[in-house]
Amino acid sequence: MFIAEVLIFAPIDRPLRYSIPEELRFVIFPGSLVHVFVGKAQRIGLVTGVREVGGEHFSYALKPILRTIYDAPITHEILIQLYFWMAKYYICDLFSVIDAAIPQVIRKNIPLKLVTYFRLASPLEVIIDAKKLPKQWEALEFLKGNPFLLKSEFLKKFSRNIADVFLRKNIVYEVFQREERVAYTNPGLINPEFRSVQLTGEQWRVVESVGESLRQKIFGVHLLHGVTGSGKTEVYIELIRRVLAEGGSVLYLLPELALTAQVVEKIRSRLEGFRVWVWHSGLSDGERRDTWLAALNNGSMVVVGARSAVFLPLNNLRLVIVDEEHESAYKQGENPRYHGRDVAIYRAKLHQATCLLGSATPSMESFFNTKFKHYKLETLPQRIDQRPLPLVHVVDMRYEPGANGVLSRLLLRKMEERLEKKEQVILFLNRRGYATTVLCRGCDFIALCPHCSLPLTFHRTISRLICHFCSHQEPPHSRCPKCGSSEIFYNGVGIQRVEQMVQKIFPDAPMARIDSDVMGKKHEFIHILNRFRRGELAVLVGTQMIAKGLDFPNVTLVGLINADGSLNQQDFRANEKTFQLLVQVAGRSGRGEAGGEVVLQTHIPVNETIFLAKNNNFDEFITKEFELRQCLGYPPFRHIINCNISGSDARVAEEFAKEAFGKPLGLLFSEGAAGVEIRGPIISPVEKIQDRFRYSVLIFTPSVSKICEKIYNFRSKIPIPAGVTLSIDVDAFDFL
Ligand code: ADP
Ligand code: ZN
Ligand code: ZN
């Protein structure tokens with residue numbers, strides 16, 4: 001008898017066994033989706049394995065698989081291996097992995113979208129009298145000129161009645177065809193002018209080096225460290241072209257959905273004759289389904305996508321590109337808390353494919369691996385055409401009087417100069433809203449979120465106070481709720497205030513703001529970028545959404561309103577994140593023929609990270625930071641597993657964190673587990689979010705794979721009190 005291991009789409013953490021009925025024997029494979037009974041409920045499951053067993057092994061009768069959803073598998077065995085690896089490495093349930101990896105729409109099998117065509121019969125045996133039936137005659141003549149056309153097109157010109165008559169008389173036949181929905185085909189979305197380019201010698205060197213790995217067909221990782229504007233994208237495109245020409249597939253990951261449209265258009269315009277598919281969370285169900293099925297059905301294709309594209313069942317995967325590999329957006333904030341880059345690398349390994357990571361500011365982890373593991377470092381140290389990197393001016397904001405506390409005199413002067421020359425300016429501040437704290441002058445009142453231990457941010461455009469953690473909203477105070485004073489004071493600068501100030505000072509400069517509040521409106525982001533590209537806007541202000549990847553040749557000035565923002569965070573990556581952000585933002589300037597400048601405003605001009613970022617001195621930054629991290633035993637020298645405990649009752653949560661979790665965990669690793677260190681529990685930096693009190697226990701370990709099963713088993717045994725949740729974050733990025 002044949003049995004199948006089936007993973008159910010429900011919180012059950014291991015595959016269940018079912019028997020395969022005779023009539024389904026040749027349609028069930030690993031990767032098939034099936035209907036089965038779990039208890040009395042019918043469920044959908046994914047077959048992860050099929051094998052033959054002697055019937056005597058089973059003293060109890062296995063339930064049979066009821067039916068399949070498709071007549072072929074919807075994912076590959078390699079991906080099933082990937083799911084198991086992820087569940088193990090990220091210490092999470094298999095269910096959460098397949099739930100993230102296999103889209104809802106694939107599980108449902110909604111019908112394909114079919115479009116109807118009219119095909120003119122041939123030979124045509126009917127004659128229509130032009131005098132008696134002039135309309136029908138006209139329709140027939142039209143069809144003779146268009147013997148195969150969309151029925152909907154026909155109906156735009158002629159009545160449904162004529163269509164019915166033609167069908168009845170067999171003048172036309174209906175033909176149904178599948179329509180594949182490819183996202184971003186609307187050419188009006190983003191319209192950069194693309195010249196074709198000749199790769200430079202440096203670019204060729206990288207292409208050849210990665211190309212060599214592709215030829216060998218064994219797993220290898222290359223890290224491309226290319227300064228901003230060095231032409232990394234062109235290197236990717238050349239490699240994609242090679243892989244497609246040889247019948248392979250390429251996965252091209254980007255951290256941010258917003259950037260996808262620009263890159264997709266660029267690649268499409270370069271790779272004529274190849275179809276470029278996209279994948280991100282904004283797709284419609286239909287687009288998602290069609291892309292998934294296209295991946296299954298095509299021997300060779302290229303997909304540009306965000307994190308979850310890493311799960312697409314591509315055939316013959318030869319190359320995986322992870323652009324802006326340092327970006328924290330690759331890390332998923334909820335279960336399964338995987339890092340898209342790391343999963344991509346593991347996937348490339350399973351396929352014996354080549355993985356290419358790219359960045360102007362590589363992560364410490366990846367750079368570490370070029371030194372201590374087998375990653376190969378590739379560099380593009382120059383901008384295209386030897387264009388200089390922008391000149392960076394550092395302004396000490398402690399000496400800027402009054403209103404210039406936001407926009408320094410130097411920045412204003414430079415803006416004036418550049419706008420005069422009809423060049424463009426980007427101002428960057430990583431804070432949404434208008435004012436970041438709302439205080440009373442009469443007493444010590446600060447407007448705090450009632451559910452989180454955090455100040456509320458004032459949003460001027462909608463006139464509301466908003467909590468950026470839980471989205472709580474309330475109207476602004478006209479009087480202090482504590483002392484009744486009417487002297488309410490808006491402190492701390494958000495991007496909306498910058499926008500307002502610039503509008504006042506440069507009333508004639510057309511400008512727009514980009515942040516996640518604007519981005520909510522569909523296509524607004526792309527629309528603004530398009531206007532900026534066409535030169536209809538002179539100034540763009542924005543948060544980190546505009547920090548990276550954008551390529552606007554006419555931008556010659558970038559202002560960083562507050563370079564210190566991320567330095568104060570309680571995060572061991574604060575230096576690294578600041579360095580990356582400053583270099584990336586500065587990299588938006590001077591990408592075209594006219595050179596560029598950057599004005600970097602700070603209250604701590606002597607800070608080393610700021611100094612090294614100003615000089616784009618990656619090597620020195622990374623050397624210093626390595627020393628520090630090694631000293632402290634932080635990543636990349638060890639991994640950190642962050643165990644978050646939260647509960648609505650602070651005492652219960654704390655008690656659990658200490659006694660039921662922290663202590664036994666410490667004991668578990670006290671004997672013989674070299675290098676594993678447990679810290680905490682500590683109160684999390686943000687003590688309370690959404691009325692839940694938060695604690696955290698950190699596990700420092702030289703290797704995750706050696707201890708993850710132990711932690712998994714430990715967690716499944718400890719009783720968790722009602723109202724308390726425990727979430728485990730392997731290789732955590734977020735320590736708030
Ligand atoms: P990066 O991704 O490294 O920041 P891009 O790939 O966006 O850089 O390239 C920067 C700019 O240089 C783009 O406008 C691109 O079209 C142009 N470019 C890249 N390679 C070449 C080349 N070989 N010749 C001319 N222009 C190039
Ligand atoms: Zn008050
Ligand atoms: Zn809140």
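Trainee: Where does P123 lie?

Mentor: In this predicted model, P123 lies in the loop between β6, which covers residues 114-120, and α4, which covers residues 134-145.

Trainee: And what kind of peptide bond joins S122 and P123?

Mentor: The bond that joins S122 and P123 is a cis peptide bond, and its omega is about 0°. For context, most peptide bonds are trans.

Trainee: Which residue does G680 join through a cis peptide bond?

Mentor: G680 is joined to P681 by a cis peptide bond whose omega is about 5°, and P681 lies in strand β28, which runs over residues 677-689.

Trainee: Back to the loop between β6 and α4 for a second: what does the side chain of D129 reach?

Mentor: D129 lies in that loop between β6 and α4, and its side chain reaches the backbone nitrogen of K132 at a distance of 3.3 Å. With a relative accessible area of 38%, D129 is partly exposed.

Trainee: Changing topic, which residues coordinate the zinc ion that is ligand 3?

Mentor: The zinc ion (ligand 3) is coordinated through the SG atoms of C449, C452, C467 and C470, at 2.2 to 2.4 Å. The four donor atoms subtend angles of 107 to 113° around the zinc ion (ligand 3), and the arrangement is therefore tetrahedral. As a reference value, the ideal angle for four tetrahedral donors is 109.5 degrees.

Trainee: How are those donor residues of ligand 3 spaced in sequence?

Mentor: The donor residues of the zinc ion (ligand 3) follow the spacing C-x2-C-x14-C-x2-C. C452 lies in the loop between β18 (435-440) and β19 (457-459), while C467 lies in the loop between β20 (464-466) and β21 (473-474), so this pair ties together parts that are 15 residues apart in sequence.

Trainee: Are C452 and C467 buried or exposed?

Mentor: C452 is buried, and C467 is buried as well.

Trainee: OK, and what are the protein donors of the other zinc ion, ligand 2?

Mentor: For the zinc ion (ligand 2), the protein donors are the SG atoms of C440, C443, C480 and C483, which lie 2.3 to 2.4 Å from it. The angles that the four donor atoms subtend around the zinc ion (ligand 2) are 105 to 114°, which makes this arrangement tetrahedral.

Trainee: Which distant parts of the chain does the pair C440 and C480 link?

Mentor: In sequence, the donor residues of the zinc ion (ligand 2) are spaced C-x2-C-x36-C-x2-C. C440 is in strand β18 and C480 is in the loop between β21 and β22 (488-493), so that the pair links parts of the chain 40 residues apart. C440 counts as buried because its relative accessibility is 7%, and C480 counts as buried because its relative accessibility is 3%.

Trainee: What else is found in the loop between β21 and β22?

Mentor: S485 is found in that loop between β21 and β22, and a polar atom of the side chain of S485 lies 2.9 Å from the backbone nitrogen of E487. The relative accessibility of S485 is 18%, and S485 therefore counts as buried.

Trainee: New topic, backbone angles: what is phi for I91 and S471?

Mentor: I91 has a positive phi of about 50° although it is not a glycine, and S471, another residue other than glycine, has a positive phi near 70°. Most residues other than glycine have a negative phi.

Trainee: Where are they, and is each one buried or exposed?

Mentor: I91 is placed in the loop between α1 (77-89) and α2 (94-101), and at 1% relative accessibility I91 counts as buried. S471 is found in the loop between β20 and β21, and at 54% relative accessibility S471 counts as exposed.

Trainee: Last one, ligand 1: how many residues surround it, and which are the closest?

Mentor: Ligand 1 is surrounded by 17 residues, of which Q198, Q203, G229, K232 and D551 are the closest. The shell around ligand 1 divides into four nonpolar, eight polar and five charged residues, and helix α8 (residues 232-245) gives the most to the shell, with three residues.

Trainee: Which polar atoms of the protein lie 2.8 Å or 2.9 Å from ligand 1?

Mentor: Among them, an N or O atom in the side chain of Q203 is 2.9 Å from a nitrogen atom of ligand 1, a backbone N or O atom of G229 lies 2.8 Å from an oxygen atom of ligand 1, and an N or O atom in the side chain of T233 is 2.9 Å from an oxygen atom of ligand 1. Ligand 1 taken alone exposes 560 Å², and the protein buries 87% of that.

Technical notes: Residues numbered from 1 in each chain as written. Chains lettered and ligands numbered in written order. Predicted model: local features only at pLDDT ≥ 70, side-chain atom pairs only at ≥ 80, totals over all residues. Heavy atoms only, no water. Near = heavy atom within 4 Å. Polar contact = N/O pair within 3.5 Å; in protein donor to acceptor, adjacent residues only side chain to side chain. Areas by Shrake-Rupley, 256 points an atom, 1.4 Å probe, with all protein chains shown as cover. Helix = DSSP H or I, 4+ residues; strand = E, 2+ residues; numbered from the N terminus. Nonpolar A, V, L, I, M, F, W, Y, C, P; charged D, E, K, R; others polar. Donors = N, O, S within 2.8 Å, 3.2 Å for Na, K, Ca; no water. Tetrahedral: all angles 85-135°; square planar, octahedral: opposite > 155°, others 65-115°. Buried < 20%, exposed > 50% of the residue type's maximum accessible area, 1.4 Å probe, protein only.
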